[in-house]
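User: I'm new to this one and would like to know what stands behind the words people use for it. Can you take me through it?

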Amino acid sequence: MHRIVFLGPPGAGKGTQAARLARELGIPHLSTGDLLRAAVAARTPLGLEADRFMRAGELVPDELVLRILGDRLGQPDARAGFLLDGFPRNLSQAETLDRTTKLDVAVSFDLPDRELVRRLSDRRVCPTCQTVYNLSSNPPKVAGRCDRDGTELVQRPDDRPEAVANRLKVYAAQTAPLLDYYRRHGLLRPVDADGTLDAVAARVRSAVG
Ligand code: AMP
């Protein structure tokens, strides 16, 4: 059974590595950011409420995040394990998770701020299939178009410089304290997130065991 949490600042590569590892382990990849973006795109009441927090690079209120994640965690495929990406993001979310689930490991992604900012400004995503590209390290085959479905790539609104600065601040203030929390619980496995996709994937794989 694999019950895994990925922790780390925005831009560290959690999402890309999570998609890969989850596929390899045959467990669902649960990204609260993706779930929230899908709700925004579908213009559900929850999505409409979450949107302004996300655009500003603020955390979405716990109550909304827990509602959307609770629904997803309750589905049958999550019974045999899961990989949580982008949750928990503060102490109260971590404590809520602990009350319902016993985690196996928390992998934290380490990367210096200047590299995070560079990756976030180079990131482009496909609005149709959510595939993530990086203009310098992992560009699409045809400039500006998704390799899978040819959709025009876009920049996430919260990857614009104004929101990025705030997301890094929010991470340091609210999410970084979770590193200590999971260290005290004996679950933390730090990973150097600098390097190629393959190099980081190998480190993540051995951290998970
Ligand atoms: P991400 O795709 O993980 O970078 O998340 C994008 C945005 O969604 C964040 O900047 C937050 O506004 C929101 N978000 C995602 N996960 C959470 C969470 N666990 N708690 C609060 N807000 C979240």
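Analyst: Sure. This is a predicted model, and a good place to start is a pair of helices: the axes of H5 (residues 91-100) and H8 (residues 177-184) come within 10 Å and cross at roughly 30°.

User: What makes H5 and H8 roughly parallel to each other?

Analyst: The crossing angle is roughly 30°, and angles under 35 degrees count as roughly parallel. Therefore H5 and H8 get that label.

User: Which residues make the contact?

Analyst: From H5 come Leu91, Ala94, Glu95, Leu97 and Asp98, while H8 brings Leu178, Tyr181 and Tyr182. Sorted by kind, the residues of this contact are six nonpolar, two charged and no polar. Tyr goes with the nonpolar group here, and Asp and Glu with the charged one.

User: Stepping back, how many helices and strands does the protein have?

Analyst: There are nine helices and seven strands.

User: Why is the protein called as compact as a globular protein of its length?

Analyst: The globule rule gives 17 Å for 209 residues, and the radius of gyration is 16 Å, close to that value, so the description fits. As for extent, the C-alpha trace spans about 45 × 40 × 35 Å along its principal axes.

User: What share of the residues counts as buried?

Analyst: That's 46% of the 209 residues, where buried means under 20% relative accessible area. The accessible surface comes to about 10,600 Å², with 53% of it belonging to carbon and sulfur atoms.

User: And what share of contacts with a separation of 6 or more comes from residues 24 or more positions apart?

Analyst: Those pairs account for 67%.

Terms used. Residues are numbered from 1 along each chain as its sequence is written. This is a predicted model: local features need pLDDT of at least 70, side-chain atom pairs count only at pLDDT 80 or more; totals for chains, interfaces and linings use all residues. Side-chain values use heavy atoms; hydrogens and water are left out. Axes are lines fitted to C-alpha atoms, for helices over the stretch in contact, and angles run from 0 to 180 degrees between N-to-C directions. Helices (H or I, at least four residues) and strands (E, at least two) are DSSP runs, numbered from the N terminus. Angles under 35 degrees count as roughly parallel, over 145 as roughly antiparallel, 65 to 115 as roughly perpendicular and the rest as oblique. Contact means heavy atoms within 4.5 Å. The radius of gyration is taken over C-alpha atoms; the globule rule is 2.2 Å times the number of residues to the power 0.38. Buried means under 20% relative accessible area, exposed over 50%, partly exposed in between (1.4 Å probe, protein chains only). Accessible areas come from the Shrake-Rupley method with a 1.4 Å probe; for residues, only the protein chains shown count as cover.
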